[in-house]
Structures are given as structure tokens and as C-alpha cells.
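Here are my notes on the model you sent over. I've kept them as numbered points so you can argue with them one at a time.

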Amino acid sequence: MHTRLRPSSPWFDADCRVAHRHCRRLERRYHRSHSDTDRRSWVAAARSKLTLFQTKKNAYWLARVQEDSRSNRLWRSLSGILGRDKRAGGCSTPLDADHFSRKVADIRAAIDGSQPPNVRATAVTSMDVFQPVTEADVRRVIMASPSKSSSLDPIPTFLLKEVIDVVLPFITALVNASLSQGRLPMSQKQAIVTPLLKKAGVDAADRPVSNLTFLSKTVERVVAGQLNGYMAANGLLPRLQSTYRRGHSTETALVRVTSDVFAAADQKRVTLLALLDLSAAFDCVDHDILLMRLQRIVGLSGHVLS
């Protein structure tokens, strides 16, 4: 019944150390005597110790939060309370639901007056409905998914995998209903958004991480599988694209670049390599332009485009 403590527990003071030693002494006495009296003394001391530890812990973190409430150290204190790693940092700007919309609006305002993109209709194939999936398909997607959970999930993902045979018919029905209607229910569009620093000196609100429900990610993986299959079968993916393609990775991209550099060197030509990194690229995607390209170039329509 003794409690193991990490040496880094900041709230563990002299009082806690005395209580911990007293509890261990009574525990050893009971193991030697095996008497009911010594056992009751040990149990009472253990309960008293745990109560003291909880009181000390609550008092310590409450004082830390009150002390840091006016400084950027508050996020670090909260990370310690929540057991997160040391990557979390100060956040000087609150994050609200319009965070992503404002990014695109700011970009539009900056290029106001520019000509809209000319997207010609080149699609020769079309995809307007998703195909229903079987229980085997859904099971394969779930079991291959990481066992990560969100606080919005009704049960942890590892537990869902353990009882998958019981709930699989219901999850399959939910996934197929979503595919046939071309939408997700509002309950599956919610996320826990956490500001996270990518590097020191950057506002954490500019690097939010969204933790979605496991069911919504299951539907997303099914949709992505069907879309990728359609695009690969009809040759709609760029020939040199290495991301988000089966059998491709940063390794294949580097092999291609290295091959081009060597080929140019063999011809005694100079190689100039330009690397472009867009800040928060996915957050800044204009959805109107994206939908137009999906419709005119990829050939999506109907429920799939919705």
C-alpha cells in the first residue's frame, strides 16, 4: 500500500518524507509480526500519508497557478499539472473557434485585387458516391489505427479494440451512414484544441493541435482510402508527389532529387536547389479554391464533394 514517488515531485517536502518513512516502518513491522494490530496501524498510516500527499500536491499547484497567473509561466505550470511534456510553452493569445478562418481571411485581404486562379475543367472521370464498407473493412481500419484517445471519446481506444467484436456492427452502420449522406454529425466535428510550441519564441496560439474523436478519424481514414484509390486508379496524383502515397516517402523524394543532381553533374551543368517551407500551410488552404480544384480537376461531385 506504499506509494512510489518520483524524485522530481516538487510538492514532496519534509512532512511528506516523515510520513512516508513512518508508513514504511509500520509496514515492515507488520510483515515481521503478521498481527492484526500492526496491520491496522499500517493501513491507518498509509491512508493518512495519502491524504497528506494529496493536500500537499493541491496546495502546491494552487499556489503555482496563482503565482504564475499574470505571467507566461502559467502554461508551463498547467503542463506539469496535466502531466504533459516540456514542449508546452507560454501562450500570450487566446485561441478561439475563428482562429483558422481568420488566417485565410487575412491572406485574402493581403492579395485583394489579384486575379482569381484559372482552374480549367480537365477531369475525364468522376466520383459522386462513396462505396459502403463491410465489417471486415472497418475492423481492419480500427485495428491498424494508433491507440490514441480523446477526452471526447466515450471509451478509451485500447478498450474499444478489446471489445471490437461486440461494437463492430454498430460502428460499421455509423460509418456507412456517414458515407451515404456525405457528412459527419456535429458531435464528430468537435475537437480538443491545445496550443503547442513548435520552437522557442513563437506564440503557442499559432501552433494549435486538434485532438479529434476516434470515430471521426475512423470515418476520415475510410474516406481517405477510397479517395486515394480513385485518384491512383485514374492517374490523378502528380507523378513526382511523394507524400500521402503508398510506397512513397521523403526517401523517394530525396532519391529523385539526388538522381537529378547527379545527372546534371554528369552533363557538367550547375544545379540550383530551392527549398520552400510554408508556415502553417494546411491552416491557410482556401476551401473555395480547394473545392473548385477537386471538382474540375479530380472530378469529385455529389456527396463526395460535399
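1. Let me start with a detail around Q188. This is a predicted model, and in it a polar atom of the Q188 side chain sits 3.5 Å from the backbone nitrogen of S216. The Q188 side chain also makes a polar contact of 2.5 Å with the side chain of T213. Leaving aside residues up to four places away in sequence, Q188 touches T213, L215 and S216. As for location, Q188 belongs to the loop between α7 (164-181) and β1 (191-195), and with a relative accessibility of 15% it counts as buried.

2. Now the other end of that 2.5 Å contact. Is T213 buried or exposed? Buried, at 4% relative accessibility. T213 is in the loop between β2 (208-212) and α8 (214-233). Again not counting residues up to four places away in sequence, T213 touches S150, L152, D153, S187, Q188 and Q190.

3. Stepping back to the overall layout: the chain has 11 helices and two strands. Going along the sequence, the order is α-α-α-α-α-α-α-β-β-α-α-α-α. Of the 306 residues, 24% count as buried. The exposed area is about 21700 Å², and carbon and sulfur atoms supply 56% of that. If you take contacts between residues at least 6 apart in sequence, 65% of them join residues at least 24 apart.

4. On to the rings. How many aromatic pairs are there? The count is four. One of them is W11 with F12: the ring centres are 6.3 Å apart and the planes meet at 70 degrees, so this pair is edge-to-face. W11 is buried at 10% relative accessibility, while F12, with a relative accessible area of 21%, is partly exposed. Bear in mind that buried means under 20% here. W11 and F12 also join F53 in one aromatic cluster.

5. Y30 and W42 make another pair, and the geometry is stacked because the planes are at 25 degrees, with ring centres 5.6 Å apart. This pair links distant parts of the chain, with Y30 in helix α1 (residues 14-33) and W42 in helix α2 (residues 36-68), 12 residues apart. Both rings belong to buried residues: Y30 has a relative accessible area of 16%, and W42 has 8%.

6. Salt bridges next. The whole structure has six. One of these, D137 with R140, has its closest N and O atoms 2.7 Å apart. The two residues are three apart in helix α5, so about one helical turn separates them. D137 is partly exposed at 26% relative accessibility, whereas R140 is exposed at 52%.

7. R139 is also worth a look, since its side chain meets that of D165 in a salt bridge (2.4 Å, N to O). D165 is in helix α7 and R139 in helix α5, so the bridge ties together parts that are 26 residues apart in sequence. D165 is exposed, with a relative accessible area of 57%, and R139 is partly exposed, at 32%.

8. Farther along, R256 pairs with D260 in a salt bridge whose closest N and O atoms are 3.1 Å apart. These two are four residues apart in helix α9 (residues 250-266), again about one helical turn. R256 is partly exposed at 37% relative accessibility, and so is D260, at 39%. There is also a network of salt bridges that links D13, D15 and K56.

9. Two surface items to finish. I155, F158, L159, V163 and V166 make up a nonpolar surface patch of about 400 Å², and F158 of that set is in helix α6 (residues 157-162). Then there is V124, in the loop between α4 (99-110) and α5 (135-144), which counts as exposed at 80% relative accessibility. How far apart are V124 and I297 in sequence and in space? They are 173 residues apart in sequence, but 8.5 Å apart in space, C-alpha to C-alpha.

Methods
Residues numbered from 1 in each chain as written. Heavy atoms only, no water. Phe/Tyr/Trp six-rings, centres within 6.5 Å; stacked < 30°, edge-to-face > 60°. Buried < 20%, exposed > 50% of the residue type's maximum accessible area, 1.4 Å probe, protein only. Patch = residues over 30% accessible without salt bridge, like charges linked within 9 Å, V, L, I, M, F, W, Y side chains within 5 Å. Areas by Shrake-Rupley, 256 points an atom, 1.4 Å probe, with all protein chains shown as cover. Salt bridge = Lys/Arg side-chain N within 4 Å of Asp/Glu carboxyl O. Contact = heavy atoms within 4.5 Å. Polar contact = N/O pair within 3.5 Å; in protein donor to acceptor, adjacent residues only side chain to side chain.
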